[in-house]
Amino acid sequence: MAEEKESTSVPLSQAVDPEDPAKTPPPSPNSTRKACFAVLQSWVSRKFMTGCVVLFPVAVTFFITWWFIQFVDGFFSPLYEKLGVDIFGLGFLTSLLFVFLVGIFVSSWLGATVFWVGEWFIKKMPFVRHIYSASKQISTAISPDQNTTAFKEVAIIRHPRIGEYAFGFITSSVVLQSDKGDEELCSVYVPTNHLYIGDIFLVNSNDIIRPNLSIREGIEIIVSGGMTMPQVIAPLERMHRMNQSICLNRIT
């Protein structure tokens, strides 16, 4: 037993003095190598993730753009192949020209009539009419020719609790007649699943905040999940007052 105690005892020359760090033994080469390897591994991981974050939107954009070009090019490229013309992108340019000519044709009286007849047949189909109606609402919302069925304005309403707000779009207005008098209400569409599914709220016109955002900016905010949200949002009334004050200051 005495021999075991002597063998496990630490010599005084190797003992660690807590009051004098200079007398502590130097770290072993293995621990230094492990620390350097951990630092290098952390640095490589951070730089790799930074590269993924930078390249991911570029890759997604390139992939979707390339897929869209091939998809649109596939409409007229078989026709050019039968004619013996094999030029990549020619079908894509032809498709763009075709869409442009369709827009010109539909803008005329004859085109609008033909389009109305075709739309009437589509709305009579049991399953197809629901898909067509949903897609038409989205396309009408971003259409440059705003009409009665398009989104009117971007709206911010207090929902679902006090202190919380929700983005929506004003689609129409209605007058609610009651014993207390007439009350003007706005129909606000609040998307709950990207853009094509949502809830409709009837909100008093005075309780709606109308920000300085266009319809397309509002759609981008909702589709991107709020990532394109501007840092500062001001109501249109405040922007109008600020512009008036600036004009008065310039006059004076």
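Which residue with a positive phi follows α6? That would be Gly-225, with phi near 70°. Keep in mind that this is a predicted model. Here is a walk through the overall layout, two of the helices, and a few individual residues.

## The overall layout

The protein has 7 helices and 4 strands. Going along the sequence, the order is α-α-α-α-α-β-β-β-β-α-α, with the strands sitting between a run of helices and a closing pair.

Of the 252 residues in the protein, 19% are buried. As for contacts between residues at least 6 apart in sequence, 33% of them link residues at least 24 apart.

## Helix α3 and its two sides

Helix α3 takes in residues 90-107, which is 18 residues. From first C-alpha to last it reaches 26 Å, close to the 26 Å expected at 1.5 Å a residue.

The buried residues here are Gly-91, Phe-92, Thr-94 and Ser-95. They sit on the same side of α3, because the arc they cover around the axis is only 155°. Turn to the face pointing away from that buried side and you find the exposed residues Leu-93, Phe-100 and Ser-107.

## Where α3 meets α4

Next along is helix α4, residues 109-123, which packs against α3 at an angle of about 95°. The two axes are 4 Å apart. An angle from 65 to 115 degrees counts as roughly perpendicular, so that is how α3 and α4 are arranged relative to each other.

Who makes the contact? On the α3 side it's Phe-105, Val-106 and Ser-107. On the α4 side it's Trp-109, Leu-110, Gly-111, Ala-112 and Val-114. Sorted by type, the residues of this contact come out as 6 nonpolar, 2 polar and no charged. Ser-107 turns up twice in this story: it is one of the exposed residues on the face of α3 turned away from the buried side, and it also takes part in the contact with α4.

## Helix α6 and the loops around it

Just ahead of α6, in the loop that connects it to β4 (197-204), lies Ser-205. Is Ser-205 buried or exposed? It counts as buried, because its relative accessible area is 16% and the cut-off for buried is under 20%. Leaving aside residues up to four places away in sequence, Ser-205 touches Glu-184, Cys-186 and Arg-210.

In α6 itself, the buried residues are Ile-215, Gly-218, Ile-219, Ile-221 and Ile-222. Looking down the axis of α6, these fall within an arc of 160°, so they line one face of the helix. After the helix comes Gly-225 with its positive phi, and Gly-226 also has its place in the loop between α6 (215-223) and α7 (236-251). Gly-226 is partly exposed, with a relative accessible area of 30%. Its C-alpha is 9.8 Å from that of Phe-167, though the two residues are 59 apart in sequence.

## Ala-134 in α5

One more residue to look up is Ala-134, found in helix α5 (residues 128-141). Ala-134 has a relative accessible area of 28%, so it is partly exposed.

How far apart in space are Ala-134 and Ile-197? From C-alpha to C-alpha the distance is 8.7 Å, with their positions 63 residues apart in sequence numbering. Ala-134 belongs to α5, while β4 covers 197-204.

How values were computed. Residues are numbered from 1 along each chain as its sequence is written. This is a predicted model: local features need pLDDT of at least 70, side-chain atom pairs count only at pLDDT 80 or more; totals for chains, interfaces and linings use all residues. Side-chain values use heavy atoms; hydrogens and water are left out. Helices (H or I, at least four residues) and strands (E, at least two) are DSSP runs, numbered from the N terminus. Buried means under 20% relative accessible area, exposed over 50%, partly exposed in between (1.4 Å probe, protein chains only). The expected span of a helix is 1.5 Å times one less than its number of residues. The arc is that of the directions from the helix axis to the C-beta atoms. Axes are lines fitted to C-alpha atoms, for helices over the stretch in contact, and angles run from 0 to 180 degrees between N-to-C directions. Angles under 35 degrees count as roughly parallel, over 145 as roughly antiparallel, 65 to 115 as roughly perpendicular and the rest as oblique. Contact means heavy atoms within 4.5 Å. Ala, Val, Leu, Ile, Met, Phe, Trp, Tyr, Cys and Pro count as nonpolar, Asp, Glu, Lys and Arg as charged, and the others, Gly among them, as polar.
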